[in-house]
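Open the model in your viewer and keep the selection tool at hand. The tour begins with the whole chain and then moves to one helix.

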Amino acid sequence: MEIKVNLIGAGRVGKTLLGLLQRLPGCTIQDVLSPRLQSAQDAVTFAGAGRAISDYAKLRPADLWIIATPDTQIEAAAASIADGLEPRKANTPAPIAFHCSGFFPAQQMAPLRDLGWHLASVHPVLSFADPQDAMAQFEGTYCGIEGDAEALKILAPLMSKLGAQPFEIRSDSKSLYHAAAVISNNFAVVLQAIARDAWAASGVPDNIAQQLNEKLLKATYENVVAKGPWEALTGPAARGDTLVVTQQGEDVARWDPAAGKLYKDLSRIARNLKAGASTGT
């Protein structure tokens with residue numbers, strides 16, 4: 001497959017994809033655009049390929065366009081691309097554009113559809129804290145994809161060649177899909193921070209709290225993977241120990257009202273989960 005690639009957005013996700021695509025035979029990294037030219041240059045340097053630009057008018061035609069901007073900037077980026085390009089000529093291959101948002105569907109790039117392009121979204125379910133680490137971790141990463149069938153026919157095998165495991169998701173439920181990823185990943189980190197603060201407030205030395213964090217997280221991960229969340233769940237709410245849950249919730253609320261409410265809500269969900277009910281009840 002011979003493809004020319006343009007990238008809009010030179011953040012951590014964009015850099016990671018750029019680095020991965022640069023390794024792919026037949027793939028030519030062409031233009032890398034960011035409103036901050038230095039960011040585009042940093043991405044080009046990271047990948048070892050491409051031309052850094054900050055002006056949409058300088059973008060050249062390409063086969064594959066990647067919009068890796070923040071979610072709220074996707075529509076504007078698509079409109080800016082469309083403003084500077086002519087509609088596709090008849091009997092020429094339609095370019096493919098995809099964005100990397102887990103929240104918005106491919107339709108967020110509607111101005112490009114008016115040019116006759118095929119649209120999709122590709123959401124790698126991976127933490128992109130560092131592009132170099134993300135590249136090393138990308139093998140086996142699941143990628144939620146949705147959009148035009150013509151685009152998915154190309155993108156699914158392309159992502160597989162990069163080492164990902166693509167799976168199709170419904171366009172009309174992307175918000176819930178992405179919320180699940182946020183809960184699984186980001187909120188897990190938030191909960192660890194609350195636990196560390198609570199341990200500190202209760203007098204546990206920081207070095208011990210860090211080890212408690214590590215050991216509990218490791219055991220939880222292993223149990224959830226091996227048994228699933230229903231069987232892995234333990235604790236006072238799962239045991240039905242109402243007295244402990246009530247008193248503990250009040251103590252946490254006195255320490256931090258927001259954490260107290262979270263404790264109460266999660267205890268209710270934990271109780272229902274252990275009883276086999278939906279987490280939403």
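How many helices and strands does the secondary structure of the protein chain come to? Color by secondary structure and count 13 helices and 8 strands. Keep in mind that this is a predicted model.

**Whole chain**

Stay with the full selection. Along the principal axes, the C-alpha atoms fill a box of roughly 70 × 40 × 35 Å. The chain has 281 residues, and 38% of them are buried. Now turn on the surface. About 15,600 Å² is exposed, with carbon and sulfur atoms supplying 56% of that area.

Next, select the charged side chains. There are 26 positive and 28 negative charges, and their mean positions lie 2 Å apart.

Switch to contacts. Of those with a separation of 6 or more, 57% join residues 24 or more positions apart.

**Helix H7**

Select residues 174–184, which form helix H7. Which residues of H7 are buried? They are Lys174, Tyr177 and Val182. Look down the axis of H7: the buried residues fall within an arc of 140°, so they line one face of the helix.

Rotate to the face turned away from that buried side. The exposed residues Leu176 and Ser184 are there.

**Neighbors of H7**

Return to the buried residues of H7 and show what they pack against. Four strands and a helix can be picked in turn:

- strand S5, residues 96–99
- strand S6, residues 118–124
- strand S7, residues 142–147
- strand S8, residues 165–168
- helix H8, residues 186–201

Key:
Residues are numbered from 1 along each chain as its sequence is written. This is a predicted model: local features need pLDDT of at least 70, side-chain atom pairs count only at pLDDT 80 or more; totals for chains, interfaces and linings use all residues. Side-chain values use heavy atoms; hydrogens and water are left out. Buried means under 20% relative accessible area, exposed over 50%, partly exposed in between (1.4 Å probe, protein chains only). Helices (H or I, at least four residues) and strands (E, at least two) are DSSP runs, numbered from the N terminus. The arc is that of the directions from the helix axis to the C-beta atoms. Contact means heavy atoms within 4.5 Å. Accessible areas come from the Shrake-Rupley method with a 1.4 Å probe; for residues, only the protein chains shown count as cover. Lys and Arg count as positive and Asp and Glu as negative; His and the chain ends are not counted. The place of a charge is taken as NZ of Lys, CZ of Arg, CG of Asp or CD of Glu.
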